[in-house]
Amino acid sequence: MSSSQESVLPSYETDNSQTSKLIRKSKESPFVPVGMAGLIAVVSYGLYKLKHRGNTKMSVHLIHMRVAAQGFVVGAMTCGVLYSMYREYLAKPKELKKDD
């Protein structure tokens, strides 16, 4: 093998790794990780309560769990959109016009 040939194994750069992409995206829109954490929390709570659901049918319990998880994610997305609109339109410093 000559040293001028490229390596057969792929080289992973730190700028393009999945972790760095996730961190960059979470800095751009901070409510996405909040929505993901809420989804995991709702599903975990639903699975915990699955044992003690009483006379409730399984399908009704799963529908309630799905609605709660979707509601949390939609709420987090709405907060994220409102935050980004605030950051872009209200918190952005206004540009001054120059009269030449």
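These legends walk through several close-up views of a predicted model.

**View 1. The whole chain, laid out as three helices.**
Start with the overall layout: the protein chain has three helices and zero strands. Going along the sequence, the pattern reads α-α-α. Of the chain's 100 residues, 10% count as buried. Take the contacts between residues at least 6 apart in sequence, and you'll find that 60% of them join residues at least 24 apart.

**View 2. The two stretches that UniProt labels "transmembrane region".**
An unreviewed UniProt entry puts this feature at residues 31-48 and 68-86. What does the chain do over residues 31-48? In the model that stretch is 100% helix and 0% strand, and its end C-alpha atoms sit 25 Å apart. Residues 68-86 also come out as 100% helix and 0% strand, with 27 Å between the end C-alpha atoms. Keep in mind that the label comes from the UniProt record, while the helix content is computed from the model.

**View 3. Helix α2 packing on helix α3.**
Here α2 (residues 31-49) and α3 (residues 58-90) pack with their axes 9 Å apart, at an angle of about 165°. Angles over 145 degrees count as roughly antiparallel, so α2 is roughly antiparallel to α3. As for handedness, the α2 and α3 crossing is right-handed.

**View 4. Zooming in on the residues where α2 and α3 meet.**
On the α2 side, look for Phe31, Val34, Gly35, Gly38, Leu39, Val42, Val43, Gly46, Leu47 and Lys49. Across from them in α3 are His61, Met65, Ala68, Ala69, Phe72, Val73, Ala76, Cys79, Gly80 and Tyr83. Sorted by class, this contact has 14 nonpolar, five polar and one charged residues.

**View 5. Histidine 61 and its contacts.**
Histidine 61 lies in helix α3. Is histidine 61 buried or exposed? Its relative accessible area is 12%, so histidine 61 counts as buried, the cut-off being under 20%. If you skip the neighbours within four places in sequence, histidine 61 is in contact with Gly46, Lys49, Leu50, Arg53 and Thr56. Gly46 and Lys49 are also among the α2 residues that meet α3.

**View 6. Methionine 65, another α3 residue facing contacts from elsewhere in the chain.**
Methionine 65 has its place in helix α3. With a relative accessible area of 17%, methionine 65 is buried. Which residues is methionine 65 in contact with, leaving aside its neighbours within four places in sequence? They are Val42, Val43, Gly46 and Leu47. For a backbone distance, try leucine 50: it is 15 residues from methionine 65 along the chain, and their C-alpha atoms are separated by 9.7 Å.

**View 7. Glutamate 28 and serine 84, a pair 56 residues apart along the chain.**
Glutamate 28 is found in helix α1, which covers residues 18-28. Its relative accessible area is 44%, so glutamate 28 is partly exposed. Despite those 56 residues along the chain, the C-alpha atoms of glutamate 28 and serine 84 are separated by 8.8 Å.

Technical notes: Residues are numbered from 1 along each chain as its sequence is written. This is a predicted model: local features need pLDDT of at least 70, side-chain atom pairs count only at pLDDT 80 or more; totals for chains, interfaces and linings use all residues. Side-chain values use heavy atoms; hydrogens and water are left out. UniProt positions are given in the numbering used here, feature names are shortened, and annotations may be inferred rather than shown by experiment. Helices (H or I, at least four residues) and strands (E, at least two) are DSSP runs, numbered from the N terminus. Axes are lines fitted to C-alpha atoms, for helices over the stretch in contact, and angles run from 0 to 180 degrees between N-to-C directions. Angles under 35 degrees count as roughly parallel, over 145 as roughly antiparallel, 65 to 115 as roughly perpendicular and the rest as oblique. A crossing is left-handed if the near helix is turned anticlockwise from the far one by less than a right angle, and right-handed if clockwise. Contact means heavy atoms within 4.5 Å. Ala, Val, Leu, Ile, Met, Phe, Trp, Tyr, Cys and Pro count as nonpolar, Asp, Glu, Lys and Arg as charged, and the others, Gly among them, as polar. Buried means under 20% relative accessible area, exposed over 50%, partly exposed in between (1.4 Å probe, protein chains only).
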